[in-house]
Amino acid sequence: MVREVYDLFEMYNSIVIARHKNPDLDAYGAQFGMYYILKTRYPKKNIYVVGDTNSQNYFQELDEVSEEIRSQSLVIILDTVAKQMLSEIDYKFHDKLVLVDHHRNNPDIEHDYYFRNTEASSTSEMVARGFEDLGFEIPEKAARALYMGIIGDTGRFMYSSTTSNTLLMASKLLAKGINIQEIHDLIYLESYDSKKIKNIFFNSIEFTKKNVAYRKNDLAFLDEYSLDTNYVSRGLISQMSGIKEIPIWANFTHDRDSSKIICEFRSRNYPVLEVAQKYGGGGHLYACGCTVDNWDEVEKIIKDLNKMV
Ligand SMILES: [Mn+2]
């Protein structure tokens, strides 16, 4: 982050921090990390965190902010630059709009500033680095949020997106006194029932001829076990990862609210992003997704994924 952002933080009395819908740990981590840092630096300013919430909100409740207030505010959007991933209110009303993201896709939102670093493991890493460069104090609460965002997007430093900069930033955050054990228990401890669901999921994955693994999670499955769409879509896909015979894996989940199908793709070394983009989605080269209208589209996607191998 450069001097220009510093001037913006100084200039505005009202700052709104937003991120993509259906937030993952990185989106939350970057959002609350930035929030606690700015709150510490500018205790008298009105700083808001906005957006929807879900089971990964280990932080605090979100604020309701009117269009009127937003129109006079500096609005920052984190971890996405795509309209599709945002609520309209988050990109339509602002005095100045700043985007901060580590994804590859280009913005389809009109904005004033855009900070992109596709080398960064996570938006949380970008935020930590940015404030470190600006010399802002990073309080322990912020360090905890940012660290959670980094481990969320790097799978606890296991994915190839982890760089020496990632570890350096993680080290600096750790030095603020955060408790890793507490964080890991909070995020990764699971219930016996949850382990059982994973077993059911794993035992019913399907395969294409070229060993693309996939699962179709229809409404009946979600209802039978009272599962949340996001949990199934994002949370269960990793059940198919790390298996020698499976080069690409995909998860298709019925979304109760929109009645659409949420598609998630992962791969060790095939650029599945091409398929996500073909169907209007985005994300990372090896971890991405899209949303389609029906199960016929899903069949086409499965064929496309199979063709990649
Ligand atoms: Mn991210």
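How many residues of domain 1 are in contact with how many residues of domain 2? Select both sides and you'll find eight residues of domain 1 in contact with seven of domain 2; in contact means that the C-beta atoms, placed from the backbone, lie within 7 Å.

Before going on, a word on what is loaded. This is a predicted model, in which local features need pLDDT of at least 70 and side-chain atom pairs count only at pLDDT 80 or more, while totals for chains, interfaces and linings use all residues. Numbering starts from 1 along each chain as its sequence is written.

**Stop 1: the two domains**

Colour 3–187 as domain 1 and 193–308 as domain 2; these bounds come from an automatic or database domain assignment. Their C-alpha centres lie 27 Å apart. On the side of domain 1 that touches domain 2, there are one nonpolar, five polar and two charged residues. Here Ala, Val, Leu, Ile, Met, Phe, Trp, Tyr, Cys and Pro count as nonpolar, Asp, Glu, Lys and Arg as charged, and the others, Gly among them, as polar.

**Stop 2: the parallel sheet**

Now show strands E1 to E5. They form an open sheet of five strands in the order E2-E1-E3-E4-E5, with parallel pairing. Strands (E, at least two residues) and helices (H or I, at least four) are DSSP runs numbered from the N terminus, and two strands pair if DSSP finds at least two bridges between them. Strand E2 (46–49) and strand E5 (113–116) are at the edges with a single partner strand each, so one side of each has no neighbour in the sheet. Neighbouring strands are turned by 15° against each other on average, direction ignored. Zoom in on E1 (residues 14–19): four bridges pair it with E2 in the parallel sense, and Ile17 stands opposite Val49 in E2.

Add helix H5 (residues 123–134), which packs on this sheet and touches E3 (74–78), E4 (96–101) and E5. The direction of H5 makes about 115° with that of E4; axes are lines fitted to C-alpha atoms, for helices over the stretch in contact, and angles run from 0 to 180 degrees between N-to-C directions.

**Stop 3: the cores**

Show Ile17, Ile76, Ile77, Val100, Val127, Leu146 and Tyr147 as sticks: of the 47 residues in the largest nonpolar core, these touch the most other members. Such a core is a set of buried Ala, Val, Leu, Ile, Met, Phe, Trp, Tyr and Cys residues joined through C-beta atoms within 7 Å. Buried means 20 or more other C-beta atoms within 10 Å of a residue's own, against 12 or fewer for exposed and partly exposed in between, with C-beta atoms placed from the backbone. H2 gives the largest share of this core, nine residues. Apart from this core lies another, of 25 residues, including Val212 and Tyr214.

**Stop 4: the mixed sheet**

Follow Tyr214 into the six-stranded open sheet, ordered E6-E7-E8-E9-E11-E10 with mixed pairing. The edge strands, E6 (206–207) and E10 (282–283), pair on one side only. E6 and E7 (residues 213–217) run antiparallel, joined by two bridges: Phe207 has Ala213 as its bridge partner, and Glu206 stands opposite Tyr214. In their hairpin, with five residues between the strands, Asn211 takes a positive phi near 65°.

On to E8, which pairs with E7 in the parallel sense over five bridges; Arg215 stands opposite Asn251 there. Four of the five residues of E7 are buried, so E7 is largely enclosed by the rest of the structure. Finish with helix H13 (residues 295–308), lying across E7, E8 (248–254), E9 (261–267) and E11 (287–292) and running at about 10° to E9.

Key:
Two residues are in contact if their C-beta atoms, placed from the backbone, lie within 7 Å.
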